[in-house]
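Got a few minutes to walk through a fold together? Here comes the structure, followed by some questions and answers about it.

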Amino acid sequence: MRRGTPPARRPVLPRRTLTPDRIGNWIIHGGGPKVLGAVERALDLTPGATALTRRSLSGRGNLSSVSVLDVLDATMGDPPPAGTSGVVAAMGPGFAVELVLLRW
C-alpha cells in the first residue's frame with residue numbers, strides 16, 4: 001500500500017506542477033484507519049489533512065468508494081478558498097487507486 005501510493009500520484013500532480021504539500025484538501029476513501037494511516041505516511045500528510053476523512057470513518061464507518069462523496073459533502077460545508085487545489089482518492093480491491101485533481 002505505502003509503496004503503491006506515491007507512484008499513483010506521480011502522473012497527476014507534476015502535470016500541474018503540484019506536490020502533496022501544495023494540496024489544500026485531501027478527500028480520501030480511507031478504507032479504514034490502517035489504510036488511511038498508510039496513505040498519510042506515504043504522502044507525508046499531517047493528521048489535519050485527513051481530518052474530514054477520519055471524521056467520516058469514525059461517524060459512518062467504511063462506506064466503500066462512496067466515502068469520498070461523504071468527505072466531499074463535508075468539505076463543501078465549509079468550502080476552501082477559490083483556487084485551492086484538492087485531490088479525491090479512492091482505493092479499491094487488489095490495490096487500485098483512482099485520483100482526481102480538483103480546483104475550487
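**A walk through the fold**

Asp44 sits in the loop between H2 and H3. Keep in mind that this is a predicted model.

Q: Is Asp44 buried or exposed?
A: Residues count as exposed when their relative accessible area is over 50%. Asp44 comes in at 70% relative accessibility, so the label for Asp44 is exposed.

Q: What is the phi of Asp44, which is not a glycine?
A: Most residues other than glycine have a negative phi. Asp44 isn't a glycine, yet its phi is positive, at about 55 degrees.

Q: Which pattern does the protein follow along the sequence?
A: There are four helices and three strands to place. Read along the sequence, they give α-β-α-α-α-β-β.

Q: How do H2 and H3 run, roughly parallel or roughly antiparallel to each other?
A: The axes of H2 (residues 33–43) and H3 come within 11 Å and cross at roughly 175 degrees. Angles over 145 count as roughly antiparallel. H2 and H3 are therefore roughly antiparallel.

Q: Which residues of H3 make the contact with H2?
A: From H2, the contact is made by Pro33, Leu36, Gly37 and Glu40. On the H3 side, the residues are Thr53, Arg54 and Leu57.

Q: Which are the edge strands of the open sheet?
A: Three strands form the sheet, in the order E1-E2-E3, with mixed pairing. An edge strand pairs on one side only, and that description fits E1 (25–28) and E3 (96–103).

Q: By how many degrees are neighbouring strands of this sheet turned against each other on average?
A: The strands in question follow the order E1-E2-E3. Ignoring direction, the average turn between neighbours is 20 degrees.

Q: In which sense do E1 and E2 pair?
A: Asn25 stands opposite Gly86 in E2, and Ile27 has Val88 as its bridge partner there. Numbers go up on both strands from one pair to the other, and over four bridges the sense is parallel.

Q: In which sense do E2 and E3 pair?
A: Ser85 stands opposite Arg103 in E3, while Val87 stands opposite Leu101. Here the numbers go up on E2 (residues 85–92) but down on E3, and over eight bridges the sense is antiparallel.

Q: How many of the eight residues of E2 are buried?
A: E2 pairs with E1 and also with E3. This strand is mostly covered, and its count of buried residues is seven.

Q: Which residues of E1 point the other way from Asn25 and Ile27?
A: Asn25 and Ile27 point one way from E1. Both directions hold buried residues, and those pointing the other way are Trp26 and Ile28.

Q: Which strands does H4 touch as it packs on the sheet?
A: H4 covers residues 67–77, and its direction makes about 150 degrees with that of E1. What covers the buried residues of H4 includes H3 (51–60) as well as strands of the sheet. The strands that H4 touches are E1 and E2.

Q: Why are the buried residues of H4 on the same side, and what arc do they cover?
A: The buried residues of H4 are Ser67, Val68, Asp70, Val71 and Thr75. They sit on the same side of H4 because the arc they cover around the axis is only 160 degrees.

Q: Which residues are exposed on the other side of H4?
A: The buried residues of H4 include Val68 and Val71. Turn to the other side of H4, and the exposed residues are Leu69, Asp73 and Gly77.

Q: Is Thr84 buried or exposed?
A: Thr84 lies in the loop between H4 and E2. Leaving aside neighbours within four places in sequence, Thr84 is in contact with Gly24, Asn25, Leu102, Arg103 and Trp104. Buried means under 20% relative accessible area. Thr84 has 17%, so Thr84 is buried.

Q: What share of the exposed area of the protein do carbon and sulfur atoms supply?
A: Of the 104 residues, 38% count as buried. The protein exposes about 6000 Å², and the share from carbon and sulfur atoms is 55%.

How values were computed:
Residues are numbered from 1 along each chain as its sequence is written. This is a predicted model: local features need pLDDT of at least 70, side-chain atom pairs count only at pLDDT 80 or more; totals for chains, interfaces and linings use all residues. Side-chain values use heavy atoms; hydrogens and water are left out. Two strands pair if DSSP finds at least two bridges between them. Helices (H or I, at least four residues) and strands (E, at least two) are DSSP runs, numbered from the N terminus. Axes are lines fitted to C-alpha atoms, for helices over the stretch in contact, and angles run from 0 to 180 degrees between N-to-C directions. Contact means heavy atoms within 4.5 Å. Buried means under 20% relative accessible area, exposed over 50%, partly exposed in between (1.4 Å probe, protein chains only). The arc is that of the directions from the helix axis to the C-beta atoms. Accessible areas come from the Shrake-Rupley method with a 1.4 Å probe; for residues, only the protein chains shown count as cover. Angles under 35 degrees count as roughly parallel, over 145 as roughly antiparallel, 65 to 115 as roughly perpendicular and the rest as oblique.
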